[in-house]
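Let's walk through this model together, starting with the overall picture and then moving in to single strands, helices and residues. Keep the structure open beside you as you read.

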Amino acid sequence: MLVSWLLIGLLAQAAPEFAVPSTDGHTVRGVVDRPEGEPRGAVILVAGTGAFDRDVRLGTSGTDRDLLFRDLGARLAKRGLAAVRYDRRGVRHAVPPAEAIDRSVTAILTAEGFSEDLEALDAWVRSPDGLGARCVVMLVHSEGSVHLAGLAERGAPAPDLILGVGAPLESKLEAVRWQVAGRDAYSLRMMDADGDGSVTNEEVEANWMKTPSAVFGRMQPFIQPDGVWTPEDIVQVETVQGGLYEQAKAQALAQADDAPYPSATAPAFSYSWWKTWFTDDRPLASQFSRWSSPMILHYGALDSQVREDRQRAAAEGVLPDGKVTFVSHEGRGHSLGDHVLMGPMDEALADRLADEAAAACGD
């Protein structure tokens with residue numbers, strides 16, 4: 001194992017890295033996947049929730065394709081684009097897993113800090129002292145949409161295209177409230193194959209893996225002792241889980257802002273970051289409305305975290321007609337793979353994202 005990590009470290013050293021000053025004394029570090037000739041534009045890849053470095057390991061295949069952003073970066077470079085991949089603050093690249101989290105920066109692992117890092121990186125990409133890019137595409141996965149919306153609200157330059165994978169347009173508050181208090185009832189209604197309003201255990205067994213709640217990998221909680229969920233039973237699920245949501249909210253808001261979340265032993269964020277998911281009710285769609293940038297947003301029908309129908313509703317009447325192209329993918333999940341949450345991304349869809357970015361920069 002030591003040999004393999006040393007090899008990874010040597011490979012990382014061989015790649016050209018950048019270091020961009022941000023806020024709170026933080027430095028954004030990452031790498032640019034460059035094409036053979038002069039780049040036609042730059043794509044900044046923005047990761048979702050998690051302690052992700054520039055590669056974004058989020059897959060189940062056990063291959064290099066589990067490194068979602070490294071895989072996309074190579075495809076973008078082949079199309080003449082510079083792919084800009086960076087380490088989320090608080091995460092170290094090319095070190096053993098036990099050393100990947102920098103525990104000294106827990107207090108600045110905030111929503112504002114993540115967005116300000118992206119803003120600093122965007123300015124560097126556009127600057128003559130950086131990449132001098134005349135065309136900039138933002139490719140956001142999941143919570144990456146939140147970080148980018150902050151740039152729109154602060155008046156940063158609009159990108160030439162926003163590409164989204166499982167990207168929310170609803171507010172952070174609504175997103176988490178649905179995940180805590182709405183996902184299971186939503187999933188039960190999806191299991192209702194005959195559309196009669198009730199869900200039998202046979203329907204659960206046949207369909208639960210095709211619903212958002214499959215992310216937990218447990219069918220047993222959806223098996224009813226009497227064999228069927230009535231419409232009233234499903235409403236009761238929402239009521240009970242609504243109470244659990246309120247408990248989670250109260251627990252979060254009672255913590256100090258600079259306390260480590262989720263725990264002192266695994267400080268992936270500060271509680272300041274987590275609290276915003278219970279208090280920030282600004283629809284991301286309204287923030288993106290400040291830009292004229294076109295948006296191409298891809299959603300998997302199996303997505304366990306962000307549902308396309310909810311994002312369409314959030315965009316309705318807020319984002320003008322023609323600004324957003326919604327693209328649906330049957331049998332694909334949150335990372336556009338065959339798992340409800342994880343990758344690797346379907347290869348044809350990874351190529352499609354790269355093609356859409358290239359087209360925005362003049363392909």
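A residue is called buried here when its relative accessible area is under 20%. With that cut-off, buried residues make up 54% of the 363 residues in the protein. Please keep in mind that this is a predicted model.

Let's begin with the whole chain. Its secondary structure comes to twelve helices and twelve strands. The radius of gyration is 21 Å, close to the 21 Å that the globule rule gives for 363 residues, so the protein is as compact as a globular protein of that length. Taken along the principal axes, the C-alpha atoms fill a box of roughly 65 × 45 × 45 Å. Contacts also reach far along the chain: among those between residues at least 6 apart in sequence, 73% join residues at least 24 apart.

Now turn to the inside. The largest nonpolar core has 60 residues, and those with the most contacts inside it are Phe 18, Ile 44, Leu 148, Leu 169, Trp 274 and Phe 288. Helix H3 gives the most to this core, with seven residues. There is also a second, separate core of 29 residues, which includes Cys 135, Leu 161, Leu 163 and Ala 350.

Ile 44 is a handy place to look around from. Leaving aside residues up to four places away in sequence, Ile 44 touches Val 84 and Tyr 86, and its other partners include Leu 118, Leu 121, Val 125 and Met 138.

Two of those partners, Val 84 and Tyr 86, point the same way from strand E4, together with Ala 82. Leu 81, Ala 83 and Arg 85 point the other way from E4, and they are buried as well. In fact, six of the six residues of E4 (residues 81–86) are buried, so this strand is mostly covered.

What lies beside E4? Strand E2 (residues 27–33) is joined to E4 by four bridges, and these two strands run antiparallel. Here Val 32 stands opposite Val 84. Strand E3 (residues 41–46) is also joined to E4 by four bridges, but this pair runs parallel, with Gly 41 standing opposite Leu 81. The route from E3 to E4 passes through helix H2 (residues 68–78), and the three make a right-handed β-α-β unit.

Next, move along to helix H5 (residues 172–181), where Lys 172, Leu 173, Ala 175, Val 176, Trp 178 and Ala 181 are buried. Helices make up much of the list here: what covers these buried residues includes H3 (111–126), H4 (144–153), H6, H8 (231–253), H9 (271–279) and H11 (308–315).

One of those covering helices, H6 (residues 183–191), holds Ser 187. Is Ser 187 buried or exposed? Its relative accessible area is 0%, so Ser 187 is buried. Not counting residues up to four places away in sequence, Ser 187 touches Thr 211, Pro 212 and Ser 213.

Our last stop is Asp 196, in the loop between H6 and strand E7 (199–200). Asp 196 has a relative accessible area of 48%, so this residue counts as partly exposed. A polar atom of the Asp 196 side chain lies 3.0 Å from the backbone nitrogen of Ser 198. Thr 230 is 34 residues from Asp 196 along the chain, and the C-alpha atoms of the two are separated by 9.6 Å.

Note on methods: Residues numbered from 1 in each chain as written. Predicted model: local features only at pLDDT ≥ 70, side-chain atom pairs only at ≥ 80, totals over all residues. Heavy atoms only, no water. Buried < 20%, exposed > 50% of the residue type's maximum accessible area, 1.4 Å probe, protein only. Pairing = 2+ DSSP bridges. Right-handed = clockwise from strand over helix to strand, strands pointing away. Contact = heavy atoms within 4.5 Å. Polar contact = N/O pair within 3.5 Å; in protein donor to acceptor, adjacent residues only side chain to side chain. Core = buried A, V, L, I, M, F, W, Y, C linked by side-chain atoms within 4.5 Å. Rg over C-alpha atoms; globule rule 2.2 N^0.38 Å.
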